[in-house]
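Here is a short tour of a protein model, written for someone who likes to know the cut-offs. Have the viewer open and follow along.

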Amino acid sequence: MTATPDAASGARNRRKTRTGVVVSDVADKTVTVLVARQFAHPLYGKQVKRTRRYHAHDETNQYRMGDTVRIVETRPLSRTKRWRVAELVDRAEG
């Protein structure tokens with residue numbers, strides 16, 4: 001049996017990652033991360049900003065508001081949590 005191209009490249013195990021800012025750390029073991037993306041409008045070409053909030057798992061409650069973090073996709077952990085914090089990119093001042 002031969003390996004499929006997906007299996008050879010490891011594309012099946014690739015998880016989505018996003019980088020954003022923690023906007024809430026009130027909940028236990030959960031942070032809310034605001035992820036902003038910028039793209040050109042399909043018709044007019046103007047740069048458009050869109051934001052989205054993700055609930056991410058923070059096992060040790062170590063991330064605070066204002067921290068820039070990288071989150072990765074994971075299995076469902078609760079009704080709203082589908083992401084977990086992978087690493088701290090930049091610590092907030094203060």
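## Around Trp-83

Glu-73 sits opposite Trp-83 of E5. That pair belongs to the E4/E5 pairing, where strand E4 (residues 68-73) and E5 run antiparallel over 6 bridges. Another E4/E5 match-up is Thr-68 facing Asp-90 of E5. Strands here are DSSP runs of E with at least two residues, helices are runs of H or I with at least four, and both are numbered from the N terminus. Two strands count as paired if DSSP finds at least two bridges between them.

Trp-83 also has Ala-56 opposite it. This is where E3 meets strand E5 (residues 83-90), a parallel pairing with 2 bridges.

A quick word on the ground rules: this is a predicted model, with local features needing pLDDT of at least 70 and side-chain atom pairs counted only at pLDDT 80 or more, while totals for chains, interfaces and linings use all residues. Residues are numbered from 1 along each chain as its sequence is written, and side-chain values use heavy atoms, leaving out hydrogens and water.

## The barrel

Zoom out and you get a closed barrel of 5 strands in the order E1-E2-E3-E5-E4, with mixed pairing. Ignoring direction, neighbouring strands of this sheet are turned by 45 degrees against each other on average; axes are lines fitted to C-alpha atoms, for helices over the stretch in contact, and angles run from 0 to 180 degrees between N-to-C directions. As a general point, strands of a sheet pair through backbone hydrogen bonds, either parallel or antiparallel.

E2 pairs with strand E3 (residues 47-57) in the antiparallel sense over 11 bridges, and Gln-38 has Lys-49 in E3 as its bridge partner. The two strands make a hairpin with 6 residues between them, and Gly-45 in the turn has a positive phi of about 80 degrees. Strand E1 (residues 17-24) pairs with E4, antiparallel over 5 bridges, with Gly-20 opposite Val-69 in E4.

## The core

Which residues make up the largest nonpolar core? There are 11: Val-22, Val-31, Val-33, Val-35, Tyr-54, Ala-56, Tyr-63, Val-69, Ile-71, Trp-83 and Val-85. E2, E3, E4 and E5 each supply at least two of these residues, and E2 gives the most, with 3. A nonpolar core is a set of buried Ala, Val, Leu, Ile, Met, Phe, Trp, Tyr and Cys residues joined through side-chain atoms within 4.5 Å.

Leaving aside residues up to four places away in sequence, Tyr-54 touches Arg-18, Val-31, Thr-32, Val-33, Val-35, Ile-71 and Trp-83. Contact means heavy atoms within 4.5 Å.

## Thr-32, a polar neighbour

Thr-32 lies in strand E2 (residues 30-40). Is Thr-32 buried or exposed? Its relative accessible area is 8%, so Thr-32 counts as buried (under 20%; exposed is over 50%, partly exposed in between; 1.4 Å probe, protein chains only). The side chains of Thr-32 and His-55 share a polar contact of 3.4 Å, meaning a pair of N or O atoms within 3.5 Å; within protein, one must be able to donate a hydrogen and the other to accept it, and residues adjacent in sequence count only if both atoms are side-chain atoms.

## Overall numbers

The protein has 1 helix and 5 strands, in the order α-β-β-β-β-β from the N terminus. Buried residues make up 22% of its 94 residues.
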